[in-house]
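The following exercises concern aromatic rings and their surroundings. Please study the sequence and the structure before reading the solutions.

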Amino acid sequence: MARERRGDRPLELRTFQDDVVAGLSAPQRFLPPKYFYDGAGSRLFARICRLPEYYLTRAELALTRRHLAAIARFAGRGCQLIEYGSGEGIKSRLLIRAVRPAAYVPIDISQDALDASARRLAREFPRLKIRPVLGDFSRPLHLPVRRGTASVVYFPGSTIGNLTVEEAHGFLAMSRGIAARMLVGVDLTKDPAVLHAAYNDSRGVTAAFNLNVLARINRELGADFDLRQWRHYAFYNPAAGRIEMHLVALQAQRVRLGSHRWQFRAGETIHTENSYKYSLDGFAELAARAGFAAPRVWTDRRGLFALYGLSAWPAAARRT
Ligand code: SAH
Ligand code: AVI
């Protein structure tokens, strides 16, 4: 098949290509983590959630089950539930059952994940109004919500940890314009050995998830990454308080994407993801800067993970 000329490509593919070219041309090469989630990436992430080392999903599920009545009271029955990065919707079903929302608005960048979870939820809750939105939450989105019904933003899974602190602040500030209450899942600072194991699982699923972004760039943009020449590398950076995921070049090599060419040195890395870990106070302070009080925080028994119930301060009382 003849490769399409750049101008003929759909906008999403052009944006994808522009982001890849910008990231691979930076002094510390990087790729935005949102590009992990094509169909294959979403399936790999679903497997990560079930890995013995990846405690995050189990801890958040456990705390959600344990405190479900209080969490539902905080959200308020009959609200419009807006979920960013809904993915498989594993925890959403618990919340939907307890909150009985007037409408559920899942938002995700992955068409496959969005379709699959909307289908499953429609089977489980035949009377629920589900209004899926395919989109990128780092950009302004039009949401199908009704005025006059309270909205609650749900952002579980510690997806907020994949944003820089400035981006997380921007996300919270944007949400404040949509909803007076939020439920945000946050992974907590802990023994680096536990973190290291969670991002370096023994079955190699996280490695496959990381490498899939290069496979996707080859598939969708026609680049020529040789996947055998790259290795998954994840470590805890204590000064920054985050897990960093990289892809390491195993030998010197050239990569081509259309008219672009990059030369990689052996050992050079592409930074593919940050996963910030917060202290309980640290996240409450971040929320406060965006105009939210944190009147409720629920944790699992082992204190691995937290779900924050955030309430917007009245405009006059805002701290900046
Ligand atoms: N909420 C689920 C899934 C978390 S994985 C859970 O708690 O298990 C992160 C999800 O966010 C994925 O489904 C991914 O497709 C989506 N995502 C990542 N970046 C995004 C972006 N910029 N805009 C919209 N969705 C995004
Ligand atoms: C989606 N996000 C919160 C996951 C995380 O833990 O940062 C993505 C992930 N990356 C590697 N494993 C899981």
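A residue is buried under 20% relative accessible area, exposed over 50% and partly exposed in between (1.4 Å probe, protein chains only). This is a predicted model, in which local features need pLDDT of at least 70 and side-chain atom pairs count only at pLDDT 80 or more. Side-chain values use heavy atoms, without hydrogens and water, and residues are numbered from 1 along each chain.

**Exercise 1.** Determine whether Phe155 is buried or exposed, and classify its pair with Phe137.

*Solution.* Step 1: Phe155 has 0% relative accessibility and therefore counts as buried. Step 2: rings of Phe, Tyr and Trp (its six-membered ring) pair if their centres lie within 6.5 Å; planes under 30 degrees apart are stacked, over 60 edge-to-face, and the rest tilted. A search of the whole structure gives 21 aromatic pairs. Step 3: the ring centres of Phe137 and Phe155 are 5.4 Å apart and the planes stand at 85 degrees, so this pair is edge-to-face.

**Exercise 2.** Classify the pair of Phe225 and Trp230, and state whether Phe225 is buried or exposed.

*Solution.* Step 1: the centres are 5.8 Å apart with 75 degrees between the planes, and the pair of Phe225 and Trp230 is edge-to-face. Step 2: Phe225 is buried, at a relative accessible area of 5%. Step 3: Trp230 is also buried, at 3% relative accessibility.

**Exercise 3.** Which residues do ring pairs link into a cluster?

*Solution.* The cluster consists of Phe36, Tyr37, Phe45, Tyr54, Tyr199 and Phe209, linked by ring pairs.

Terms used:
Chains lettered and ligands numbered in written order.
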